[in-house]
Amino acid sequence: MPPPLPETTVEDLKQFLPQSGIPADVPLEVVSHHSGQSVLHVHHEGLDYTLKCFDRSAPHLAAAFHHEHSFYVYLNSLQTGHTAILLGSDEDQQILLLSRLTGRPLRAEEVNRSAVKSAARFLVALNRKRDSQPAQACPPAPDSCRSVAEHLAAISNQVTAVQQYQATVNPQTQALIEDELNPIWEKTLRETLSRFETSGIAVDTQLNEASQILSPGEFGFHHAILTPEKDLCYVDYDQSGWDDPARVLNHFFTHGPISPKDDHWDAMIEPFLKIPGLDPHCAIRARLLLPAYQIAQASDLLLSSLTEHARPLSEDEGHTHSKTKLIGKSHEARRWLMKAGRAF
């Protein structure tokens, strides 16, 4: 059961809903509430809506709202049929009113070549009006990259963040960092730089703006909904914006609990390359960076559990739960490290 909504969000909704033709006392179904973002479902006069609220008492969420709001404005101009429709918004209260997507999350066995091709077609459709005013109004994606060197530096920072815990974690996690993460990252970084040199691609060359694409953000099947009509629709755009296509591709193949198989790379890349204006080395850069992004995913998994494990626990939380979570995340991280290690 989701925790209660912040009082500021409750009060903001009471003001926002009547402005959108919905009574302030309408029953609200809280779907999720974490990290200051809340998703709610509303039913009124035979219609279903979704509300997404960003806690305005948390200053850092103003940027997340701006990214998602700008992206939905652009999506409305596209009418892809694979996203919710933005019906209303309030920038001061940081609330979005969306049409409700009905369906369910994908199961692991449904993440197949057909699903990957569908995701590729969505990305192509998403970028067919990159020169339009709504597209140009979208900001750069958070932590977007413009060169191979920037990609590798960002991932190196993630690895370093995990290494900070090396002296304080339990022996099993310490061994994972020292004996697996560190040597695999060192080898991956060395071999990746070597392969870029062999390919004749300078790692410091900046990608020009015309070769960037609009990214949905953390695009993957963990943010997909399978509708009763068997269509794939996508949600969550608070990390969206302009980015290097190589980063978009690698996030797709490494993010989420049910990421695609590496064997499905061609199912994504062939339709993806139909996006006009891509740089000629796009596919090569993306593929050569894949092992590094696999290590980035392993680092993210470890860092999220190590951070939670290290923080003071409330009375409602148990240390056993935190330890169990760390064990589970470590196992998942090891799987990504093994994939990266097999690349060379």
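Let's start at asparagine 112, which caps the N-terminal end of helix H3: one of its side-chain oxygens lies 3.2 Å from the backbone nitrogen of serine 114. Before I go on, please keep in mind that this is a predicted model.

So, helix H3 itself. It covers residues 113-126, which is 14 residues, and it reaches 20 Å from its first C-alpha to its last, close to the 20 Å expected. Which residues of H3 are buried? They are Ala115, Val116, Ser118, Ala119, Ala120, Phe122, Leu123, Ala125 and Leu126. And what covers them? The cover includes helix H2, at 61-78, helix H7, at 245-254, and helix H8, at 265-272, along with strands E6, at 213-215, and E8, at 232-234.

Let me pick out H8 from that list. Two packed helices are described by the angle between their axes and the distance between the axes. For H3 and H8, the axes come within 8 Å and cross at roughly 25 degrees. With that angle, H3 counts as roughly parallel to H8. The crossing of H3 and H8 is right-handed. If you'd like to find the contact on your screens, look on the H3 side for Arg113, Val116, Lys117, Ala119, Ala120, Leu123 and Val124; on the H8 side, the residues they meet are Asp266, Ala267, Met268, Pro271 and Phe272.

Now a loop residue that also touches H3. Phenylalanine 221 sits in the loop between E6 and strand E7, at 224-226. Buried or exposed? Phenylalanine 221 has 3% relative accessibility, so it counts as buried. Leaving out residues up to four places away in sequence, phenylalanine 221 touches Leu106, Val111, Ala115, Val116, Ala119, Leu232, Tyr234, Phe252, Ile258 and Pro260. Ala115, Val116 and Ala119 are among the buried residues of H3 that I listed earlier. Leu106 is 115 residues from phenylalanine 221 along the chain, yet their C-alpha atoms are separated by 7.0 Å.

Over to H2, which we met as part of the cover on H3. H2 has 18 residues, which should span 26 Å at 1.5 Å a residue, and its end C-alpha atoms are indeed 26 Å apart. Its buried residues are Leu61, Ala64, Phe65, His67, Glu68, His69, Ser70, Phe71, Tyr72, Tyr74, Leu75 and Leu78. For those of you who like charged and polar side chains, that list includes Glu68, His67 and His69. Just after H2, glutamine 79 takes a positive phi of about 55 degrees.

While we're on backbone angles, here are two loop residues to check. Serine 35 is not a glycine, but it has a positive phi of about 55 degrees. You'll find serine 35 in the loop between strand E1, at 28-34, and strand E2, at 37-44. Glutamine 94 has a positive phi too, near 60 degrees, and it belongs to the loop between strand E4, at 86-90, and strand E5, at 95-99. Which of these is buried and which is exposed? Serine 35 is exposed, with a relative accessible area of 62%, whereas glutamine 94 is buried, at 8%.

Next, helices H5 and H6. Their axes are 11 Å apart and the packing angle is about 170 degrees, so H5 and H6 are roughly antiparallel to each other. Residues from H5 in this contact include Leu152, Ile155 and Val159, and those from H6 include Leu181, Trp185 and Leu189.

Within H5, at residues 148-163, let me point you to histidine 151. Its relative accessibility is 0%, so it counts as buried. What does the side chain of histidine 151 pair with? It makes a polar contact of 2.8 Å with the side chain of aspartate 244. Other residues that histidine 151 touches include Cys145, Arg247, Arg285 and Tyr293.

Last stop, H6, at residues 171-199, with two neighbours in sequence. Lysine 187 is in this helix, and at 33% relative accessibility it counts as partly exposed. Threonine 188, also in H6, counts as buried at 1%. A polar atom of the threonine 188 side chain lies 2.7 Å from the backbone oxygen of isoleucine 184. Threonine 188 touches Pro291, Ala292, Ile295, Ala340 and Phe344, not counting residues up to four places away in sequence. Ala340 comes up for lysine 187 as well: the two are 153 residues apart in sequence and 9.7 Å apart in space, C-alpha to C-alpha. Thanks, everyone!

Key: Residues are numbered from 1 along each chain as its sequence is written. This is a predicted model: local features need pLDDT of at least 70, side-chain atom pairs count only at pLDDT 80 or more; totals for chains, interfaces and linings use all residues. Side-chain values use heavy atoms; hydrogens and water are left out. Helices (H or I, at least four residues) and strands (E, at least two) are DSSP runs, numbered from the N terminus. The expected span of a helix is 1.5 Å times one less than its number of residues. Buried means under 20% relative accessible area, exposed over 50%, partly exposed in between (1.4 Å probe, protein chains only). Contact means heavy atoms within 4.5 Å. A polar contact is a pair of N or O atoms within 3.5 Å; within protein, one must be able to donate a hydrogen and the other to accept it, and residues adjacent in sequence count only if both atoms are side-chain atoms. Axes are lines fitted to C-alpha atoms, for helices over the stretch in contact, and angles run from 0 to 180 degrees between N-to-C directions. Angles under 35 degrees count as roughly parallel, over 145 as roughly antiparallel, 65 to 115 as roughly perpendicular and the rest as oblique. A crossing is left-handed if the near helix is turned anticlockwise from the far one by less than a right angle, and right-handed if clockwise.
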